Amino acid sequence: MRDLHNQVAVRHTLVPAVVSADTTSTTVDRRGFESVEHAVIAGQSGDTLSGSLKIDIRLEHSHDASVWEAVTTPDVIGADVDAAGFFATIDDAAEDEAVYRIGYIGGRRYSRVVADFTGTHTNGTPMAALALLGHAHAKPV
(Lines give C-alpha, C1' and ligand atoms only; values in the text may rest on other atoms or scores of the structure.)
Protein backbone atom coordinates (compact mmCIF):
# COMPACT_ATOMS: atom_id res chain seq x y z
CA MET A 1 0.00 0.00 0.00
CA ARG A 2 1.23 3.52 -0.80
CA ASP A 3 1.64 6.21 1.84
CA LEU A 4 -0.23 9.42 1.05
CA HIS A 5 -0.19 10.74 4.61
CA ASN A 6 3.52 11.56 4.56
CA GLN A 7 3.43 12.89 1.00
CA VAL A 8 1.08 15.88 1.44
CA ALA A 9 0.66 18.85 3.74
CA VAL A 10 -2.79 20.27 4.44
CA ARG A 11 -3.49 23.95 5.05
CA HIS A 12 -6.78 25.26 6.38
CA THR A 13 -7.41 28.36 4.24
CA LEU A 14 -11.01 29.31 4.97
CA VAL A 15 -12.42 28.67 8.44
CA PRO A 16 -15.86 27.01 8.22
CA ALA A 17 -18.49 29.74 8.51
CA VAL A 18 -21.77 30.90 7.04
CA VAL A 19 -20.71 33.45 4.43
CA SER A 20 -22.93 36.07 2.79
CA ALA A 21 -20.40 38.40 1.10
CA ASP A 22 -17.16 38.24 -0.86
CA THR A 23 -14.59 36.18 1.02
CA THR A 24 -10.90 35.53 0.35
CA SER A 25 -9.02 32.54 1.73
CA THR A 26 -5.70 32.87 3.46
CA THR A 27 -2.66 32.80 1.21
CA VAL A 28 -1.09 29.45 0.37
CA ASP A 29 2.70 29.49 0.15
CA ARG A 30 3.92 26.51 -1.86
CA ARG A 31 7.54 26.96 -0.80
CA GLY A 32 9.02 23.48 -0.50
CA PHE A 33 6.29 21.91 -2.66
CA GLU A 34 5.71 21.51 -6.38
CA SER A 35 1.91 21.25 -6.43
CA VAL A 36 -1.18 22.67 -4.74
CA GLU A 37 -4.76 21.40 -4.81
CA HIS A 38 -7.41 23.84 -3.57
CA ALA A 39 -10.73 22.47 -2.31
CA VAL A 40 -13.70 24.71 -1.52
CA ILE A 41 -16.50 23.08 0.44
CA ALA A 42 -19.96 24.62 0.09
CA GLY A 43 -22.85 23.71 2.36
CA GLN A 44 -26.58 24.14 1.81
CA SER A 45 -27.36 27.75 0.95
CA GLY A 46 -29.85 29.57 3.14
CA ASP A 47 -30.94 31.62 0.12
CA THR A 48 -32.65 30.69 -3.14
CA LEU A 49 -29.79 30.71 -5.62
CA SER A 50 -30.20 31.89 -9.22
CA GLY A 51 -28.32 33.64 -11.99
CA SER A 52 -28.66 36.91 -10.10
CA LEU A 53 -28.02 35.43 -6.62
CA LYS A 54 -24.93 33.27 -6.92
CA ILE A 55 -21.41 32.52 -5.74
CA ASP A 56 -18.52 32.41 -8.20
CA ILE A 57 -15.28 30.84 -7.02
CA ARG A 58 -11.99 31.90 -8.54
CA LEU A 59 -8.32 31.12 -8.07
CA GLU A 60 -5.69 33.83 -7.93
CA HIS A 61 -1.89 33.63 -7.87
CA SER A 62 0.97 35.95 -6.99
CA HIS A 63 4.76 36.19 -7.02
CA ASP A 64 4.90 38.23 -3.81
CA ALA A 65 1.58 37.68 -1.95
CA SER A 66 0.62 41.32 -2.45
CA VAL A 67 -0.20 41.74 -6.16
CA TRP A 68 -2.78 39.14 -7.21
CA GLU A 69 -3.93 38.05 -10.68
CA ALA A 70 -6.51 35.58 -11.90
CA VAL A 71 -5.08 32.24 -12.99
CA THR A 72 -5.34 31.20 -16.63
CA THR A 73 -6.01 27.78 -18.11
CA PRO A 74 -2.31 26.77 -18.48
CA ASP A 75 -1.86 27.36 -14.71
CA VAL A 76 -4.49 24.85 -13.55
CA ILE A 77 -5.72 21.30 -13.91
CA GLY A 78 -9.02 19.64 -13.02
CA ALA A 79 -11.24 22.61 -13.84
CA ASP A 80 -11.78 25.11 -16.62
CA VAL A 81 -11.24 28.77 -15.76
CA ASP A 82 -12.59 31.83 -17.48
CA ALA A 83 -10.74 35.12 -18.04
CA ALA A 84 -11.45 36.18 -14.44
CA GLY A 85 -10.07 32.92 -13.00
CA PHE A 86 -13.51 31.57 -12.05
CA PHE A 87 -13.63 27.78 -11.91
CA ALA A 88 -17.02 27.20 -10.28
CA THR A 89 -20.41 28.90 -10.11
CA ILE A 90 -22.99 28.01 -7.49
CA ASP A 91 -26.29 29.42 -8.73
CA ASP A 92 -28.73 26.59 -8.06
CA ALA A 93 -29.62 24.38 -5.08
CA ALA A 94 -28.28 21.40 -7.06
CA GLU A 95 -24.81 23.01 -6.94
CA ASP A 96 -24.49 23.73 -3.23
CA GLU A 97 -23.53 21.00 -0.74
CA ALA A 98 -20.53 20.17 -2.93
CA VAL A 99 -16.75 20.23 -3.03
CA TYR A 100 -15.10 22.25 -5.81
CA ARG A 101 -11.47 21.41 -6.56
CA ILE A 102 -8.76 22.92 -8.72
CA GLY A 103 -5.10 22.03 -9.05
CA TYR A 104 -2.57 24.84 -9.35
CA ILE A 105 0.44 24.02 -11.54
CA GLY A 106 1.57 27.55 -12.39
CA GLY A 107 4.97 28.96 -11.59
CA ARG A 108 4.03 31.44 -8.90
CA ARG A 109 4.74 30.82 -5.24
CA TYR A 110 1.43 32.00 -3.75
CA SER A 111 -2.20 31.17 -4.48
CA ARG A 112 -5.61 31.68 -2.88
CA VAL A 113 -9.30 31.20 -3.59
CA VAL A 114 -11.95 33.90 -3.60
CA ALA A 115 -15.70 33.41 -3.21
CA ASP A 116 -17.37 36.26 -5.12
CA PHE A 117 -21.00 36.79 -4.10
CA THR A 118 -23.48 38.35 -6.56
CA GLY A 119 -26.76 39.71 -5.19
CA THR A 120 -27.90 40.09 -1.59
CA HIS A 121 -27.33 36.87 0.33
CA THR A 122 -29.48 37.36 3.42
CA ASN A 123 -28.94 33.98 5.08
CA GLY A 124 -25.60 32.98 3.54
CA THR A 125 -23.97 29.69 2.65
CA PRO A 126 -21.70 27.58 4.86
CA MET A 127 -18.24 27.46 3.28
CA ALA A 128 -14.74 26.25 4.10
CA ALA A 129 -11.54 25.72 2.10
CA LEU A 130 -8.39 23.61 2.29
CA ALA A 131 -5.18 23.50 0.31
CA LEU A 132 -3.26 20.28 -0.13
CA LEU A 133 0.42 20.70 -0.95
CA GLY A 134 2.21 17.83 -2.63
CA HIS A 135 5.43 16.77 -4.31
CA ALA A 136 7.62 18.09 -1.54
CA HIS A 137 11.18 19.01 -2.41
CA ALA A 138 13.71 16.54 -1.13
CA LYS A 139 15.10 17.56 2.24
CA PRO A 140 18.86 18.07 2.25
CA VAL A 141 20.81 15.49 4.23
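**Exercise 1. Determine the strand order of the open sheet and identify its edge strands.**

Solution. Five strands make up an open sheet, arranged β1-β11-β4-β9-β7 with antiparallel pairing. The edge strands are β1 and β7 (76–77), each of which pairs on one side only. Here strands are DSSP runs of E with at least two residues, numbered from the N terminus, and two strands pair if DSSP finds at least two bridges between them. Between β1 and β11, which run antiparallel, there are nine bridges. Within this pairing, His12 stands opposite Leu130 in β11.

The model is a predicted one, in which local features need pLDDT of at least 70, side-chain atom pairs count only at pLDDT 80 or more, and totals for chains, interfaces and linings use all residues. Residues are numbered from 1 along each chain as its sequence is written, and side-chain values use heavy atoms, with hydrogens and water left out.

**Exercise 2. State how strand β8 is paired with β5, and explain why β8 is described as largely enclosed.**

Solution. Begin with the pairing: β5 (residues 54–62) and β8 are antiparallel and share four bridges. Asp56 has Thr89 in β8 as its bridge partner. Next, consider accessibility. Buried means under 20% relative accessible area, exposed over 50%, and partly exposed in between (1.4 Å probe, protein chains only). Of the five residues of β8 (residues 86–90), four are buried, so the strand is largely enclosed by the rest of the structure.

**Exercise 3. Identify the residues that touch the most other members of the largest nonpolar core, and list the contacts of Ile57.**

Solution. A nonpolar core is a set of buried Ala, Val, Leu, Ile, Met, Phe, Trp, Tyr and Cys residues joined through side-chain atoms within 4.5 Å. The largest one has 29 residues, and Ile57, Leu59, Phe87 and Met127 touch the most other members. At least two core residues come from each of β1 (8–19), β4 (33–42), β5, β8, β9 (98–104), β10 (110–118) and β11 (125–136). Contact means heavy atoms within 4.5 Å. With neighbours within four places in sequence left aside, Ile57 is in contact with Val40, Gly85, Phe86, Phe87, Ala88, Ile90, Tyr100, Val114 and Met127.

**Exercise 4. Place Ala128 in the structure and decide whether it is buried or exposed.**

Solution. Ala128 belongs to strand β11. Its relative accessible area is 12%, so Ala128 is buried. Apart from neighbours within four places in sequence, Ala128 is in contact with Leu14, Pro16, Ala39, Val40 and Ile41.

**Exercise 5. Trace the salt-bridge network that includes Glu60, and describe the bridge between Arg109 and Asp29.**

Solution. A salt bridge is a side-chain nitrogen of Lys or Arg within 4 Å of a carboxyl oxygen of Asp or Glu. The structure holds seven of them.

- Glu60 bridges to Arg58, with the closest N and O atoms 3.0 Å apart.
- Arg112 and Glu60 meet through their side chains at 2.6 Å, N to O. This pair links distant parts of the chain, with Arg112 in β10 and Glu60 in β5, 52 residues apart.
- Through shared partners, Arg58, Glu60, Arg112 and Asp116 are joined into one network.
- Glu60 is buried at 8% relative accessibility, Arg58 is buried at 19%, and Arg112 is buried at 18%.
- Arg109 and Asp29 form a salt bridge of 2.7 Å, N to O. Arg109 lies in the loop between β9 and β10 and Asp29 in β3 (residues 28–29), 80 residues apart.
- Arg109 is partly exposed at 32% relative accessibility, and Asp29 is partly exposed at 28%.
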